[in-house]
Structures are given as C-alpha cells and as structure tokens.
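Here are my notes for your first reading of this model, set out as numbered points. Please keep the structure open beside them and look up each residue as you come to it.

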Amino acid sequence: MNKLVITLLGLLFSFTANAYVVNTNGFEFGSSWDNPNHNVDTILSGLEDETGSGLTLNMISAQTWSGIGASTIILEELAGYRHNTTFGWYDTATNSPHQIFSGADSKGASAVIDFGSMLDIGFYIDPNGVKNNRMFTENELNTHDDIQVAIFEIAELENSYILGWEDLDLNGGNGGDRDYQDMIVRVQIEQVPEPGSMSLLGLGLLGLVMTRKRMKTDA
Ligand SMILES: [Ca+2]
Ligand SMILES: [Ca+2]
C-alpha cells in the first residue's frame, strides 16, 4: 500500500526538463520581422517557471473559457505597437470589452480580474490601441476568420494558458509575419471550486488499495 501511494505522488510531482517543451501540433509560424527574430514557439521554449521546472505547452484550438475570474501577466512584448496595444477580456454573450492592460503596461505587468459571475469569456487585443483593429481569441470574430492568437495549454497546471498574439491583420494570408509573439500573455482561469474533488480522489485511492488487498487474500 505504501509503495502504491509513493508511486502516485511521484507521478504528480515529477518534472523532467528545465525549459518549456512546446508542441505546436503542426501549426506553422511565419518568419518574424521583429528583433529578436524569433517566433512564439522559440521564445516559449526558452522560458523557465518560478521553480525552474520544465513545463509542456500544447497548442490548442480552444477560443473561449468558462470561469469567475482570471489572473494574467504579460510575459513578453516585442512589436512596434507595444507601447500602445491594449489587452482585455470580453463576455462572449455580448462581446462587451473589459480592458486589463493598457498600452503603457509592459513585460511583467500582472492583474487579477473578477468577471462578476460565472461567464463564458474570450480575450482580445486592440493593436496599436485602435479599437477598429480589435482581434479576438474567437477567430470567427476576426476579419477573414483569421487566427490572430496562438493558444497554448500548460499541461502540468490547471486552467493555465499562454496566448501569443499576432498584431497585424493576417488578411486571409496576405498580411502580418505570423510570428505570434507581438504580445505574449499568460492567463489562469479561476473556476468555481469543486468541494467533492478531493474526496473523490481519496475514494479512488481507497478503491485501489481495497482491490490490492482483495487480490492478496485470493492468492
Ligand atoms: Ca505595452
Ligand atoms: Ca507579428
């Protein structure tokens, strides 16, 4: 029984690398016009988290989230528009915008947001601070349905994502450099705590222990 518990704990807390592993799942980035001349996947693979542990970033197509709030931090801004571009969240029912970061906010700026209730939300940027340039995590809201943000799920952390924005209108493939690093933001979605989740985990362990004991008795 002790061995079983130790093995489970080991799986929960073991990390293997010291940098981020980035899986783009076949998505192709362009050649960046910015200095440094890197795409978002290269930049993210060089990141380290607070503990120096490695994390796995899987690119996903999820474009909206459900939650009661969020924690956000700007990881990087590399574009010419970086002094003016704003970032915020919107209620998908109304598309009403709520600014989180102003253009003056820069790398390292963080914020905690309360949605006011359980909502379906997305995130947006206003490139160069111009509302008419607005780009959304829901690509069907963008001109030509363009994907203006690369969204990565952090595999080892709950409800944690990294958004890498391309701030030039891709214009159906005729614009932008597709480097998706003009603004890189990490977000953690706050969800309603599930009081039963810990006791369910406990029941699962108990089930495993009981099965093993029964096998021993049979043998
Ligand atoms: Ca800025
Ligand atoms: Ca770009």
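The points below go from the overall fold to the interior, the ion sites and a few loop residues.

1. Please remember throughout that this is a predicted model. The protein is made up of 3 helices and 10 strands, and along the sequence these elements follow the pattern α-β-α-β-β-β-β-β-β-β-β-β-α. Of the 219 residues, 38% count as buried. Among contacts with a separation of 6 or more, 73% are between residues 24 or more positions apart.

2. The largest nonpolar core contains 24 residues, and those with the most contacts inside it are Trp 65, Phe 87, Trp 89, Phe 123, Leu 163 and Trp 165. Several strands supply at least two residues each, including strand 3 (65–77), strand 4 (86–91) and strand 9 (160–165), while the largest share, 6 residues, comes from strand 6. As background, nonpolar side chains tend to be buried together in soluble globular proteins.

3. Leu 163 is a useful residue on which to centre your view of this core. Neighbours within four places in sequence being set aside, Leu 163 is in contact with Trp 65, Phe 87 and Phe 123, and also with Thr 137, Val 149, Ala 150, Ile 151, Met 183, Ile 184, Val 185 and Val 187. A second, separate core has 17 residues, among them Val 22, Phe 29, Val 40 and Phe 152.

4. Which residues hold the calcium ion (ligand 2)? Its protein donors come from Glu 166 and Asp 182, each listed with two side-chain oxygen entries, and from Asp 177 and Asp 179, and these donors lie 2.3 to 2.9 Å from the ion. The donor residues follow the spacing E-x10-D-x1-D-x2-D in the sequence. Glu 166 and Asp 177 both lie in the loop between strand 9 and strand 10, so this pair ties together parts that are 11 residues apart in sequence.

5. The geometry around the calcium ion (ligand 2) deserves a careful look, because the 6 donor atoms subtend angles of 48 to 160°, and the arrangement is therefore irregular. For comparison, the ideal angles for six octahedral donors are 90 or 180 degrees. Two of the donor residues can also be described by their accessibility: Glu 166 is buried, with a relative accessible area of 0%, and Asp 177 is buried as well, at 5%.

6. The calcium ion (ligand 1) has protein donors from Glu 77, which appears with two side-chain oxygen entries, and from Arg 82, Gly 103 and Asp 105, each listed with the atom O, at 2.2 to 3.0 Å from the ion. Along the chain these donors have the spacing E-x4-R-x20-G-x1-D. Gly 103 is buried at 8% relative accessibility, whereas Asp 105, at 26%, is partly exposed.

7. How many cavities of 30 Å³ or more does the structure hold? There is 1, and the volume of the largest cavity is about 40 Å³. Its lining includes Glu 77 and Arg 82, which are also donor residues of the calcium ion (ligand 1). Asp 182 is another of the lining residues, and Asp 182 also provides donors to the calcium ion (ligand 2).

8. Gln 148 is worth checking, since it is found in the loop between strand 7 (135–136) and strand 8 and yet counts as buried, at 2% relative accessibility. Residues up to four places away in sequence are not counted here, and Gln 148 touches Met 135, Asn 142, Gly 164, Trp 165, Glu 166, Leu 168, Asp 169, Leu 170 and Tyr 180.

9. Two residues should be examined for their backbone angles. Most residues other than glycine have a negative phi. Asn 128, in the loop between strand 6 and strand 7, has a positive phi of about 60°, and it is partly exposed at 31%. Asp 145, in the loop between strand 7 and strand 8, has a positive phi near 55°, and its relative accessibility of 45% makes it partly exposed.

10. Finally, Gly 26 is found in the loop between strand 1 (21–23) and helix 2 (40–45), and this residue is exposed, with a relative accessible area of 64%. The C-alpha atoms of Gly 26 and Met 59 are separated by 9.1 Å, and the two residues are 33 residues apart along the chain.

Conventions: Residues are numbered from 1 along each chain as its sequence is written. Chains are lettered from A and ligands numbered from 1 in the order in which they are written. This is a predicted model: local features need pLDDT of at least 70, side-chain atom pairs count only at pLDDT 80 or more; totals for chains, interfaces and linings use all residues. Side-chain values use heavy atoms; hydrogens and water are left out. A nonpolar core is a set of buried Ala, Val, Leu, Ile, Met, Phe, Trp, Tyr and Cys residues joined through side-chain atoms within 4.5 Å. Buried means under 20% relative accessible area, exposed over 50%, partly exposed in between (1.4 Å probe, protein chains only). Helices (H or I, at least four residues) and strands (E, at least two) are DSSP runs, numbered from the N terminus. Contact means heavy atoms within 4.5 Å. Donors are N, O and S atoms within 2.8 Å of the metal (3.2 Å for Na, K and Ca); water is not among the atoms, so sites may look incomplete. Four donors count as tetrahedral if all angles lie between 85 and 135 degrees; four count as square planar and six as octahedral if opposite donors are over 155 degrees apart and all others between 65 and 115; anything else is irregular. On a 1 Å grid over the protein atoms alone, a cavity is a set of points where a 1.4 Å probe fits but cannot get out, and a pocket is an open set with protein on both sides within 12 Å along at least five of seven lines; lining residues have an atom within 4 Å of a point. Grid points are joined across faces, edges and corners, and a volume is the space filled by probe spheres set on the points.
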